[in-house]
Number of protein chains: 2
Amino acid sequence: MDCFRDRKIIITGGIGFIGANLAERLVQLGAQVTLVDSLIPEYGGNLWNIEPIKDRVRINISDVRDEHAMKYLIQGQDFLFNLAGQTSHVDSMNNPYTDLEINARSQLSILEACRRHNPGIKIVFASTRQMYGAPQYLPVDERHPLSPVDVNGINKMAGEWYHLVYNNVYGIRSSVLRLTNTYGPRMRVKDARQTFLGIWIRLLLEGKALQVFGDGKQVRDFSYVDDVVEAMLLCAASEDANGEIFNLGADDPINLKDTAELLIRVTGGGEYRIVPFPPDRKAIDIGDYYADYRKIRSKLGWKPTVPLEQGLARTMAYYREHAGHYWEAENGA
Amino acid sequence: MDCFRDRKIIITGGIGFIGANLAERLVQLGAQVTLVDSLIPEYGGNLWNIEPIKDRVRINISDVRDEHAMKYLIQGQDFLFNLAGQTSHVDSMNNPYTDLEINARSQLSILEACRRHNPGIKIVFASTRQMYGAPQYLPVDERHPLSPVDVNGINKMAGEWYHLVYNNVYGIRSSVLRLTNTYGPRMRVKDARQTFLGIWIRLLLEGKALQVFGDGKQVRDFSYVDDVVEAMLLCAASEDANGEIFNLGADDPINLKDTAELLIRVTGGGEYRIVPFPPDRKAIDIGDYYADYRKIRSKLGWKPTVPLEQGLARTMAYYREHAGHYWEAENGA
């Protein structure tokens, strides 16, 4: 991974969960890193995420919807890790235009800026399994039909395909990762906007029961954030990844009830309740999901290295130590 | 088809090619028809299209991007035929934001207006085969992976899926038709913005050679506009069509060279030239395409009734009679 030393790298959503973990790794690899983040309170940005590296990165607080800022920032960069996004499924239904502006239109304007001002840049785009919708077969590979169940899935699908079309038509090298539930230190735990694991962690640390929707039998796969960061670096470093879509996945898919029990065991105590789906969640639930990630394994050599139990233990340890910085922010501090 | 008598029907893109043909049919069926059209010169709207029915429809010149106008117009309507769109693949690459605003964002705002002000409305959305991209197998059925090759295909894909999600989540009944090359009287013939057949017809009537790109072996299927109108009415009339995507197709796929020869024969003379692809077209060409339309045949009983030769003859007859109204408009009159 010496290919990032002294290279100029920009990360949108760089003060968010995955962005900050990626930034830390890139700083260790000797890169010159610029972080772009809007710090919108409902999203993932939290300055505490970059506390350890804040003096070794360039921080630019701005929104990807700000075309002029992005046009300036993109210039001269070698790599763009394009991670900024609206991630909440429920928010996308309540405010579909905001989701459209961030997840679709801004992606188009970022790509137009690259085409006009920096066509040699290499882009890694953080996409999502959400656009597969309710799986028609399992595990879900990259050829699975796209069938989004909510506005967020549609707009992320558009944002993803802009990257592929700009790769194919204009040669703006882009790779797409369809992430599943990513978790780990620095994830948003105020609420369930990133993944339900976030709010579960917070509730357990507050000594409250966590809620499992439905019958708890829905299967999911989880990616520990360090493994996701590794996948992003592999995509950035490989010309074979250009124009390609890769699923991430796990070797140990698990249902929600078992996940709750594992998290409680790792925490050393706690309780959960099985409750009916809230209507707004039920309408966009997808049932079981787990990915076939053989494509990225065979093409780029990626595989998950952190088992769920170990990842959850590291995550709980992080929030035990830093909780104040993740709850405080909720109270407006 | 008595279910449209005295019903209130709104057609976006209603002064365009398909919209005007649909409007004429609905007027014959006794419906109260409102036509919404922006009359943007590069698009399909042409007031001559509705000359025969202009006193029997309500005409509202406005753009689907005008949220407030649409919110007003949608109220009290029983059916919406949602046909307004930016259709040019090349224009979508040169001006991607306009394509996004019309083909994606406006669809979202129309659906939001329906959800808030007229949730009982039934919508038929005119989508396109474009989002399949280069076929992975032939004929292409509705389960074929989506893999758009240009910005237009991406934005139409988003617009289509908003309809499906609003059907599934909010019960705003919507059916989607993925059209292939539609042709017939009232099509845009100034240029190739709707389909290449348009400019071919004009060139032949002007006594000029038409151009076939590539080797002329690319296979296409064509739908005569009356058959497309019938499919739209069937979708509107059937509750079984709600939330469904249907391909349209033809029984006689044909390559471009043979199409040119057929058109020349029908015209009674003319010539064509095989020329290399222009680069901007080559970059987004999809190779052979023809659809499997068995789903709409089995579910709604639709099948094409007008063979290509007959449809082309009717089309040429129309433009021989009305050419002045389709060329004149180009000169700004």
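Where in chain A does A:Arg186 lie? This is a predicted model, and in it A:Arg186 sits in the loop between strand 7 (181-183) and helix 6 (196-205) of chain A. Its phi is near 85 degrees, a positive value in a residue other than glycine. Is A:Arg186 buried or exposed? A residue is buried if 20 or more other C-beta atoms lie within 10 Å of its own. A:Arg186 has 25 such neighbours, so it counts as buried.

A:Leu39 also has a positive phi without being glycine, with a value near 55 degrees. Look for A:Leu39 in the loop between strand 2 (32-37) and strand 3 (58-61) of chain A. Here the neighbour count is 15 C-beta atoms inside 10 Å. A residue with 12 or fewer would be exposed, and one in between the two limits is partly exposed. A:Leu39 is therefore partly exposed.

Next come the cis peptide bonds. In chain A, one joins A:Leu138 and A:Pro139, with omega at about -10 degrees. A:Pro139 belongs to the loop between strand 5 (122-128) and helix 5 (151-170) of chain A. Now turn to chain B. A cis peptide bond joins B:Leu138 and B:Pro139 there, and omega is about -10 degrees. B:Pro139 is in the loop between strand 5 (122-128) and helix 5 (151-170) of chain B.

How do the two chains relate? Two copies of a chain are related by a rotation about an axis and a shift along it. For this pair, a turn of 180 degrees and a shift of 0.0 Å along the axis lay chain B on chain A, with an RMSD of 0.0 Å. That is the relation of a two-fold axis. Which residue of chain B comes closest to the rotation axis? The answer is B:Pro145, whose C-alpha is at 2.6 Å. The interface fits into this picture too. Of the interface residues of chain B, 100% are also interface residues in chain A, so the copies meet through the same surface.

Finish inside chain B, at B:Ala260. This residue is part of helix 8 (residues 256-267). It has 25 C-beta neighbours inside 10 Å, so B:Ala260 counts as buried. Which residues does B:Ala260 touch, leaving aside those up to four places away in sequence? They are B:Trp200, B:Leu210, B:Val212 and B:Tyr272. B:Gly270 offers one more distance to check. It is 10 residues from B:Ala260 along the chain, and 9.5 Å separates their C-alpha atoms.

Note on methods:
Residues numbered from 1 in each chain as written. Chains lettered and ligands numbered in written order. Predicted model: local features only at pLDDT ≥ 70, side-chain atom pairs only at ≥ 80, totals over all residues. Helix = DSSP H or I, 4+ residues; strand = E, 2+ residues; numbered from the N terminus. Contact = placed C-beta atoms within 7 Å. Least-squares fit on C-alpha atoms with pLDDT ≥ 70 in both.
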